[in-house]
Amino acid sequence: MPTILGQNQYGKAENRVVKITRDGATHHIKDLNVSVALSGDMDEVHLSGSNANVLPTDTTKNTVYAFAKEHGIESAEQFGIHLARHFVTSQEPIRTARIRIEEYAWERIATSDANSRFIGADEVKHSFVRQGQETRVTQITYDGESWEVVSGLKDLVVMNSTNSEFWGYVKDKYTTLPEAYDRILATQVSARWRFNWTDDEQKAPNWEKSYEQVRKHMLQAFAETYSLSLQQTLYQMGSRIIENRSEIDEVRFSLPNKHHFLVDLEPFGLKNDNEVYFAADRPYGLIEATILRDGCEPKIPVDLTNL
C-alpha cells in the first residue's frame with residue numbers, strides 16, 4: 001500500500017540559556033528554556049536520507065546562545081521573534097519556525113541595610129533567589145509573512161479561603177457531595193493568551209509590561225470575584241484580561257480544582273468551624289474554557305499540553 005509523508009518538523013528542544021546583564025554593580029538575569037521547531041522543504045531527508053536542506057539541530061542550539069549575546073534578552077517574546085525571523089529568512093528550505101520558551105523568574109535577595117555589621121551588605125545587587133511561583137511561557141510562530149504570539153503561564157497556585165460557594169447542582173443516586181456555602185477555592189492556573197500583533201507593520205506590544213499587567217488583572221479577578229463556581233471565576237479572570245489589555249484577543253485557561261475538604265473532628269469531640277481541611281491532590285475537577293474578544297475566532301489549541 002503506498003504511503004505519503006505528512007506534517008513534519010525538527011529542531012533542538014530545551015536549550016537552557018541564562019543571560020546575565022551587568023549594569024555596573026547591578027546585575028539582571030534572564031533564565032530561559034528555548035525549544036526550536038523548523039518545517040518546510042524537508043521531504044527528501046525523510047524519503048531518501050538526503051540532508052541537503054537540513055540545518056543541523058546543533059546549529060540551532062548554537063544560534064540560541066549566540067543570539068543571547070548578539071541581541072540580548074529583552075523579553076521571552078522578543079527573543080523568540082529574533083530567532084524565528086532568523087531561521088525563516090536565512091534558510092530558503094525553512095518555511096515556518098516555531099519557538100517555544102519557558103522563563104524562570106528570579107528575584108533579587110534583600111540584603112542588610114547600611115547599618116549592618118556586614119561590610120558592603122547594602123551594596124549587594126547580584127544575588128538572587130529562584131521564585132517558587134509560576135513559569136512564564138511563550139510560543140512564537142513565523143511563516144515569513146505573519147506572526148502568531150501566544151504567551152502565558154503555568155503552575156501559578158492561588159487560593160481564596162472564603163467568598164466561594166457551590167450548591168444547586170444536578171443530583172442523582174450517585175451524588176454524595178454536600179452543598180457548600182462557604183468553601184476554600186484553590187487552583188493551579190495554566191493560562192495562554194494570544195496577541196493580535198501579527199504583522200511587522202504593526203507596533204509590537206511591550207511584552208514585559210503586558211505579562212505583568214495580564215498577571216495582575218488575572219489575580220485581581222480571582223481575588224475579587226465572589227465565586228459560585230470555578231467556571232464563573234475563570235470567566236471573570238479572562239474577561240478582566242480582555243477588557244483591560246487591547247493587545248490580547250483570546251485567553252484559554254485550564255484550572256484544576258484543588259479540593260479542600262473539611263475534616264470530621266467530631267470523633268474527637270471537636271467542632272470544625274471551617275478551620276481544618278484535608279487538601280486532596282487527586283482526583284480533581286478540571287475546568288477549562290476559552291474567553292474571546294467579540295468578533296474574534298479561537299486559535300489557541302484546546303489541549304494546552306500541546307502548547
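Which residue stands opposite Asp-31 in E3? Select Asp-31 and look across to Tyr-104, the residue opposite it in E3. What you have open is a predicted model, numbered from 1 along each chain as its sequence is written; local features need pLDDT of at least 70, side-chain atom pairs count only at pLDDT 80 or more, and totals for chains, interfaces and linings use all residues. Side-chain values use heavy atoms, with hydrogens and water left out.

**Stop 1: the sheet**

Colour by secondary structure. Helices (H or I, at least four residues) and strands (E, at least two) are DSSP runs, numbered from the N terminus. Two strands pair if DSSP finds at least two bridges between them.

The open sheet has 8 strands in the order E1-E2-E3-E6-E7-E8-E9-E12, and the pairing is antiparallel. Strand E1 (15-23) and strand E12 (285-292) are the edges; each has a single partner strand, so one side of each is left without a neighbour in the sheet. On average, neighbouring strands are turned by 20° against each other, direction ignored. For this angle and those below, axes are lines fitted to C-alpha atoms, for helices over the stretch in contact, and angles run from 0 to 180 degrees between N-to-C directions.

Now select strand E2 (residues 26-40) together with strand E3 (residues 94-104): they pair in the antiparallel sense over 10 bridges.

Add helix H2 (residues 57-70), which packs on the sheet and touches E1 and E2. The direction of H2 makes about 10° with that of E1. Then add helix H5 (residues 230-244), also packed on the sheet, where H5 touches strand E8 (185-195), strand E9 (248-257) and E12. The direction of H5 makes about 155° with that of E9. Contact here and below means heavy atoms within 4.5 Å.

**Stop 2: strand E6 and its partners**

Select strand E6 (residues 135-142). Of its 8 residues, 7 are buried, so E6 is largely enclosed by the rest of the structure. Buried means under 20% relative accessible area, exposed over 50%, and partly exposed in between (1.4 Å probe, protein chains only).

E3 and E6 run antiparallel and are joined by 7 bridges. To see one facing pair, select Ala-97 and Tyr-142 in E6, which stand opposite each other.

E6 is also joined to strand E7 (residues 147-160), by 8 bridges and again antiparallel. Here Ile-140 stands opposite Val-149 in E7. The hairpin of E6 and E7 has 4 residues between the strands, and Gly-144 in this hairpin takes a positive phi near 95°.

**Stop 3: two domains**

Colour residues 8-144 as domain 1 and 146-306 as domain 2, following the domain assignment of the chain. These bounds come from an automatic or database domain assignment. Taken over C-alpha atoms, the centres of domain 1 and domain 2 are separated by 28 Å. The contact takes 23 residues from domain 1 and 20 residues from domain 2.

**Stop 4: the annotated positions**

Which residues does UniProt list for "binding site"? Select Thr-57 and Asn-257, which come from an unreviewed entry. UniProt positions are given in the numbering used here, feature names are shortened, and annotations may be inferred rather than shown by experiment. The two span 201 residues in sequence, and their C-alpha atoms are 39.6 Å apart, so they do not gather at one spot. The lining of the largest pocket takes in Asn-257 from this set. A pocket, on a 1 Å grid over the protein atoms alone, is an open set of points with protein on both sides within 12 Å along at least five of seven lines; lining residues have an atom within 4 Å of a point.

Centre on Thr-57, in helix H2. Thr-57 is partly exposed, at 24% relative accessible area. Beyond its neighbours within four places in sequence, Thr-57 is in contact with Tyr-10, Gly-11 and Lys-12.

Move to Asn-257, in strand E9. Asn-257 is buried, at 9%. With neighbours within four places left aside, the contacts of Asn-257 include Arg-183, Leu-230 and Tyr-284.

**Stop 5: the loops beside E9**

Lys-258 sits in the loop between E9 and strand E10 (260-262). Its relative accessibility is 29%, which counts as partly exposed. Leaving aside neighbours within four places in sequence, Lys-258 is in contact with Val-157, Ala-186, Thr-187 and Gln-188.

Finish at Arg-245, in the loop between H5 and E9. Arg-245 is buried, with a relative accessible area of 15%. Not counting residues up to four places away in sequence, Arg-245 touches Ser-210, Gln-213, Val-214, His-217 and Arg-293.

Conventions. On a 1 Å grid over the protein atoms alone, a cavity is a set of points where a 1.4 Å probe fits but cannot get out, and a pocket is an open set with protein on both sides within 12 Å along at least five of seven lines; lining residues have an atom within 4 Å of a point.
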